[in-house]
Amino acid sequence: SQCYGKVFNELLFDAKTQISIHQASGQIDEAENRLSYLVVSRGTFLKWETTIRKAVQFITSSPLLNSDDVHVDIMIAVTVSSNSITEADKDALAKALKFLRVKVSFISTNG
């Protein structure tokens with residue numbers, strides 16, 4: 001999959017935490033020469049803050065990711081029922097998270 005202008009390959013998916021780690025193909029920047037990872041945390045729209053907290057806790061507890069030798073980006077995958085959240089709500093959340101450099105992907109469910 002592609003995000004942050006990079007192509008990522010999934011390394012691990014933890015079904016219990018609903019978090020996955022993806023590694024970028026190649027380096028983020030030849031000058032920095034660091035490996036690049038993407039942590040994807042899954043949750044609901046109403047619990048998006050918890051979804052971010054889980055990602056941060058996962059990163060800080062991971063020896064692979066908690067290092068100055070790597071670059072880690074965060075994406076949250078937020079499930080929403082088709083008529084529970086407006087497009088304006090989605091846009092507002094995406095814009096707010098952009099300031100934190102956190103990407104958000106909305107996944108619609110029936111119900």
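Trainee: How much area does the chain expose, and what share of it do carbon and sulfur atoms supply?

Mentor: The chain of this predicted model exposes about 6,900 Å², of which carbon and sulfur atoms supply 53%, the accessible areas coming from the Shrake-Rupley method with a 1.4 Å probe. In this predicted model, local features need pLDDT of at least 70 and side-chain atom pairs count only at pLDDT 80 or more, whereas totals for chains, interfaces and linings use all residues. Residues are numbered from 1 along each chain as its sequence is written, and side-chain values use heavy atoms, with hydrogens and water left out.

Trainee: What makes a residue buried, and what percentage of the 111 residues are buried?

Mentor: Buried means under 20% relative accessible area (1.4 Å probe, protein chains only), and buried residues make up 35% of the 111 in the chain.

Trainee: Why is the largest group of 20 residues called a nonpolar core?

Mentor: The name applies because a nonpolar core is a set of buried Ala, Val, Leu, Ile, Met, Phe, Trp, Tyr and Cys residues joined through side-chain atoms within 4.5 Å. Among its 20 members, Val-39, Phe-45, Phe-58, Leu-65, Ile-76, Val-78 and Leu-97 touch the most other members. The largest share, 5 residues, comes from β5, strands being DSSP runs of E with at least two residues, numbered from the N terminus.

Trainee: How do you know that Val-39 is in contact with Phe-58 and Val-72?

Mentor: Contact means heavy atoms within 4.5 Å, and, leaving aside neighbours within four places in sequence, the residues in contact with Val-39 include Phe-58, Leu-65 and Val-72.

Trainee: Which residues belong to the other core?

Mentor: Another core, of 6 residues, lies apart from the largest one, and among them are Ala-24, Leu-38, Val-40 and Ala-77.

Definitions and conventions:
Buried < 20%, exposed > 50% of the residue type's maximum accessible area, 1.4 Å probe, protein only. Helix = DSSP H or I, 4+ residues; strand = E, 2+ residues; numbered from the N terminus.
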